[in-house]
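This report describes the architecture of one protein model. The sequence and coordinates are shown first, and the description follows.

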Amino acid sequence: MKSILTTLLCLLILAGCTGSESTAAASGDTNGPYINMVQYEFSTTVGNPIDFSNISGYDDVDGLLPTSLRGYVNYEQPGDYYPSIVCTDLSGNETAIPITVHVLNTPDPIPSASSEPAPSMESTTCREGKDPDQPCSVVLSDDLSSYRTIYEGEGGYESCIRAAEGDEAACEIIKTNDGSFWGYGLK
């Protein structure tokens with residue numbers, strides 16, 4: 001009886017050790033989510049926090065995910081701050097993209113007629129795009145939400161086709177805001 005209890009105790013201890021594997025490895029999901037952003041440097045003035053809530057993440061297993069800001073930004077003190085936009089999928093895989101936030105004491109001066117013109121909105125938005133307020137190279141969150149899984153780039157076609165086999169799912173092309181090819185989505 002004592003040897004059976006000892007054996008059970010050893011098995012429980014071993015099970016506890018193997019149970020400490022990461023959730024990601026245990027689930028087979030080892031890829032971090034993609035963070036959908038094209039701008040990595042932001043400027044604001046003292047007292048005007050930046051809203052990063054429009055930045056989303058996407059995971060090939062978990063779908064759309066929220067992001068958060070990790071790091072310190074004091075919007076009451078001028079200076080440069082270096083936080084990260086972070087997204088963690090349900091398996092614990094994390095993607096962190098470092099950004100720069102410039103908190104300025106006063107707004108940038110308006111250029112005079114003799115200085116260079118300010119960059120137009122055309123360089124940061126896509127007038128002919130599906131959403132004219134977004135950059136041309138971004139994949140719109142609404143477009144991604146209809147897919148169970150997405151695959152970025154030309155290499156994603158084979159993975160999408162394999163995932164669709166034996167299922168009534170279909171692989172569709174996903175395009176950026178301006179209609180350029182981005183990848184494939186499994187419906």
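Which residue in S12 is the bridge partner of Ile150? The partner is Gly185. Before the surrounding sheet is described, the basis of the values should be stated. The model is predicted, so that local features need pLDDT of at least 70 and side-chain atom pairs count only at pLDDT 80 or more, whereas totals for chains, interfaces and linings use all residues. Residues are numbered from 1 along each chain as its sequence is written, and side-chain values use heavy atoms, with hydrogens and water left out.

**Sheets**

Helices (H or I, at least four residues) and strands (E, at least two) are DSSP runs numbered from the N terminus; two strands pair if DSSP finds at least two bridges between them. The sheet that holds Ile150 and Gly185 is open and has three strands in the order S10-S12-S11, with antiparallel pairing. Its edge strands, S10 and S11, each pair on one side only, and the twist averages 30° from one strand to the next. Helix H4 (residues 156-164) packs on this sheet and touches S10, S11 and S12; contact means heavy atoms within 4.5 Å. The direction of H4 makes about 10° with that of S12, where axes are lines fitted to C-alpha atoms, for helices over the stretch in contact, and angles run from 0 to 180 degrees between N-to-C directions.

Another open sheet has three strands in the order S1-S3-S4, again with antiparallel pairing. Here S1 and S4 are the edge strands, each pairing on one side only, and the average twist from one strand to the next is 35°. Two antiparallel strand pairs are set out below.

| Strand pair | Bridges | Opposed residues |
|---|---|---|
| S3 (residues 56-59) and S4 | Four | Tyr58 and Leu64 |
| S10 and S12 (residues 181-186) | Four | Ile150 and Gly185 |

**Nonpolar cores**

A nonpolar core is a set of buried Ala, Val, Leu, Ile, Met, Phe, Trp, Tyr and Cys residues joined through side-chain atoms within 4.5 Å. Buried means under 20% relative accessible area, exposed over 50%, and partly exposed in between (1.4 Å probe, protein chains only). The largest core has 15 residues, of which Ile35, Met37, Phe52, Ile85, Ile99 and Val101 touch the most other members. Strands S7 (84-88) and S9 (100-104) each supply at least two residues of this core. Apart from it lies another core, of seven residues, including Val139, Leu144, Tyr147 and Ile150. Beyond four places in sequence, the residues touched by Ile99 include Met37, Phe52, Leu69 and Ile85.

**Two buried loop residues**

Asn93 is found in the loop between S7 and S8 (94-98) and counts as buried because its relative accessibility is 10%. A polar atom of its side chain lies 2.8 Å from the backbone oxygen of Asp29.

Gly129, in the loop between S9 and helix H3 (141-144), counts as buried because its relative accessibility is 13%. Gly129 and Thr176 are 47 residues apart in sequence and 8.5 Å apart in space, C-alpha to C-alpha. Gly129 also touches Asn177 and Asp178.

**Confidence**

The chain averages a pLDDT (the predictor's confidence in each residue, from 0 to 100) of 76, and 75% of the residues score at least 70. Confidence is lowest in helix H1 (residues 2-18), at a mean of 44, and highest in S7, at 94. Over residues 5-21 pLDDT stays under 50, and the model has one contact beyond four places in sequence for them. Where pLDDT is low, the predicted coordinates should not be read in detail.

Note on methods. Polar contact = N/O pair within 3.5 Å; in protein donor to acceptor, adjacent residues only side chain to side chain.
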